[in-house]
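Colleague: Could you take me through one part of this protein slowly, as you would for someone in their first year? I would like to see how a single residue fits into its surroundings.

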Amino acid sequence: MATLPRAIKSTSIVSGNDTCPRSDTPFDVGIISSSAWTEHLECYSLSDDEPEPADEHHELQPVEEPVKAARALYKFEGKAEFRELTVEAGDELNILKEEVGDGWSLVRVSSGEIGLLPQTYYTCTTSFLSAPLAVHARNEPSTSTITPKASLQHQSKPLSIVPQDTGEWTNPLPSFRQSLLRGKTLNRFSGFVTSGAEEWVLEGYVDPVTSSSSSSHQRISTEDSINDDNRLSRLGLEEADRHYVDAGPAWQSKVPKFRVLVHSPSKRTSGLSGAYTMYSVTSLFSSATDESYDPYIPPISPTRITVQRRFSHFIVLHTSLTRRLPGIALPPLPEKQYAGRFSADFVEARRGELERYIGCIVKHPVARYAEVVTSFLGCENDADWKRIMPQLLSMPAAGPSFFAHVFHPAFNVDLDDATEVIDRFSRHTLAVGKSTQSLRNVFGRIREVRLEMSKAERLLSYSLLSLITSTPLSSTPLGINEDPGDTPQQRNGLLNEEGAWCWREGCQDCLKLTKAMQKTSDGLQIVADLYDDHARRTQLATHDAFKSVAHPYQLYEGIVETHQSTVSRYKDALKLGKVGTFTIFSSDEMAARCETVLNTTMAEMDTYHDQKVENFSTITREHLDGEIHFYEQVLHKLKAARRTFDAPRFDELSRSPRQPSRHERDLEAPKLNPPPLPQPCPHVYDSASTMRPVNTAIHKGIGALLGKSQPGRKGSLLGRMWAE
């Protein structure tokens with residue numbers, strides 16, 4: 001992407017020392033009527049007795065244009081506060097000025113009221129008026145700027161009769177977004193709107209603190225920052241609210257990465273809120289760097305800060321982050337549960353969910369130095385934390401101020417690249433989400449297979465033990481019916497007095513064989529336990545970790561919507577800048593604000609790329625480590641059983657009689673029905689993929705109507721219908 005500096009014709013709207021006069025009216029096409037009215041008043045007067053300028057050579061005097069008779073085509077209900085007229089279809093009109101900006105005209109109705117009306121709501125009637133004077137020489141100043149007329153005193157000969165235009169019928173309705181929605185997006189729930197990006201692009205942002213105080217950017221001392229009770233109310237002045245984008249674009253990291261552990265859950269009781277679970281949250285800060293690493297020096301233990309937090313505190317953190325950082329993609333918070341929330345399985349699952357959530361937060365280069373995060377992780381005093389929480393919740397939403405405090409290199413964004421990158425990003429995240437969901441399902445079946453392997457190994461152990469002890473299984477999956485009338489084994493010659501699997505007394509060979517096979521049976525029981533534990537613990541952790549990479553499109557859907565809408569506004573700004581349309585705003589300023597938003601969205605895409613590489617690498621590496629460790633344990637047990645058949649261990653087995661195995665008692669009731677495997681808690685976005693067909697169709701229909709971001713689709717149905 002090009003990084004050439006962009007030439008800005010005027011100073012940024014966020015500057016507090018802006019000395020260039022410009023209209024404060026935001027770039028909102030819906031209220032462009034008010035803007036057009038203001039611009040008209042700056043150049044034209046509505047008074048008929050306006051004095052004639054003293055300087056006849058005044059170069060700023062507007063060119064006079066005749067009054068045109070017209071008739072309203074449709075009913076239009078204007079807003080008085082925007083100086084818009086209300087007309088009925090068929091009303092006679094006088095067009096005082098046909099073009100005052102963005103498709104609006106200055107019109108006088110039959111009652112004499114003067115105001116603004118969209119050009120496409122009327123048509124000029126067929127009449128015969130004098131053609132205007134040829135503008136080859138300097139025009140004489142007119143005494144009226146509202147109803148200029150061609151003076152007959154300056155005409156040397158009769159002018160030809162020219163029929164008037166009857167109007168344009170190919171596009172009878174105005175731009176839906178510009179005229180009826182005040183220039184804003186139809187879908188008011190899109191990420192472009194809720195993040196404040198739309199307000200920033202259309203209106204900009206003026207920092208009241210910056211404009212009123214020249215020393216507002218000075219840092220606050222550490223002592224004041226700690227002791228000041230209202231320090232959270234001054235977050236707008238802190239460095240934590242200033243975000244920098246490096247070339248790439250990519251977020252600039254101010255704080256090195258650190259790790260957060262959520263551990264030691266404990267049940268507590270409060271007289272007001274009842275019982276709840278408290279978690280210990282420990283932050284690990286390592287001071288070692290790659291440059292200072294020395295293999296001969298033992299590593300320094302990381303600095304630890306441990307605080308006590310409950311789930312409602314995580315809700316405060318998530319709510320504050322969502323309000324203060326609207327332009328970044330935050331992970332969803334685990335859903336609240338009311339039934340069974342104190343069971344051991346749920347508490348452990350919730351602990352893992354919270355650790356994964358806060359881990360994603362501190363991995364983000366911007367979120368990890370947010371003031372709310374540092375307060376959440378660093379406030380060890382419970383009384384101070386309870387005092388800070390209401391202040392965090394009362395903080396105003398950042399909105400457009402977030403983008404106003406994003407600083408990036410000045411460069412011209414290539415529209416083709418910006419359009420292509422969001423389309424490819426959308427398709428990639430959708431494909432990753434679908435493939436990850438399939439991988440999660442397959443991994444769940446693999447865990448079930450491991451559980452079946454545990455049952456198979458256990459059945460093999462029971463069968464082998466039943467063979468050498470001549471004790472039938474009370475119930476076998478093979479459907480073998482044992483004769484219940486058998487007499488004791490020793491009496492039938494199945495086992496000898498030493499417990500050996502032989503009819504001969506004192507047979508040393510069979511005694512060694514029986515004891516070695518019994519050790520093999522015990523080893524298979526351990527292998528079965530390893531399979532069961534591996535499926536329930538190690539593979540459960542991996543299965544649960546897949547949620548950190550699941551549903552990336554849903555997570556970044558707001559970023560995609562913001563990027564696509566900003567690209568559209570950016571194209572409009574560049575088009576207006578090239579055409580030179582009469583507008584109240586600076587197209588360069590709007591383009592510069594669009595570039596800021598695009599820098600933010602593309603930095604978020606870069607963050608997803610880095611996190612995707614890190615997350616998938618970590619999951620795959622931990623899975624392989626777990627499998628290697630599991631198979632090493634299985635191999636160790638199998639090798640131990642195998643060594644019993646080799647000398648001298650095999651020969652040593654004949655020194656003592658065989659002792660009954662502890663698993664012989666299970667032959668009467670074999671443990672072949674283990675409890676179901678614990679499943680990871682569902683992802684917050686899993687419900688979207690399990691909707692019924694009717695709900696899915698309704699969801700897709702609403703998305704198409706309101707412009708839900710989908711790769712390969714250009715805008716919404718209404719957007720395409722009302723597009724210019």
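In which helix is the place of F346?

Modeller: Happy to help! F346 has its place in helix α8, a helix that covers residues 344-363. Before going on, note that this is a predicted model, where local features need pLDDT of at least 70 and side-chain atom pairs count only at pLDDT 80 or more, while totals for chains, interfaces and linings use all residues. Residues are numbered from 1 along each chain as its sequence is written, and side-chain values use heavy atoms, with hydrogens and water left out. Helices here are DSSP runs of H or I with at least four residues, and strands are runs of E with at least two, both numbered from the N terminus.

Let's stay with F346. It counts as buried because its relative accessibility is 11%; buried means under 20% relative accessible area, exposed over 50%, and partly exposed in between, with a 1.4 Å probe and protein chains only. Leaving aside neighbours within four places in sequence, F346 is in contact (heavy atoms within 4.5 Å) with Q337, G340 and R341. Along the chain, F346 and P678 are 332 residues apart, yet their C-alpha atoms are separated by 9.8 Å.

Now move along to R350, which also lies in helix α8. An α-helix has 3.6 residues a turn, so residues three or four places apart point the same way. R350 is buried yet has no salt bridge, that is, no side-chain nitrogen of Lys or Arg within 4 Å of a carboxyl oxygen of Asp or Glu. The nearest side chain of opposite charge belongs to E353, 6.8 Å away; Lys and Arg count as positive and Asp and Glu as negative, while His and the chain ends are not counted. Instead, the side chain of R350 reaches the backbone oxygen of E335 at 2.7 Å. Not counting residues up to four places away in sequence, R350 touches Y279, F311, P334, E335, K336 and Q337. Q337 is thus a shared partner, touched by R350 and in contact with F346.

Helix α8 also helps to cover another helix, α9. Helix α9 spans residues 371-378, and six of its eight residues are buried: E371, V372, V373, S375, F376 and L377. Besides α8, the elements covering those buried residues include β10, β11, β12, α7 and α10.

To place this in the whole, the protein has 21 helices and 13 strands, and buried residues make up 41% of its 724 residues.

Key: A polar contact is a pair of N or O atoms within 3.5 Å; within protein, one must be able to donate a hydrogen and the other to accept it, and residues adjacent in sequence count only if both atoms are side-chain atoms.
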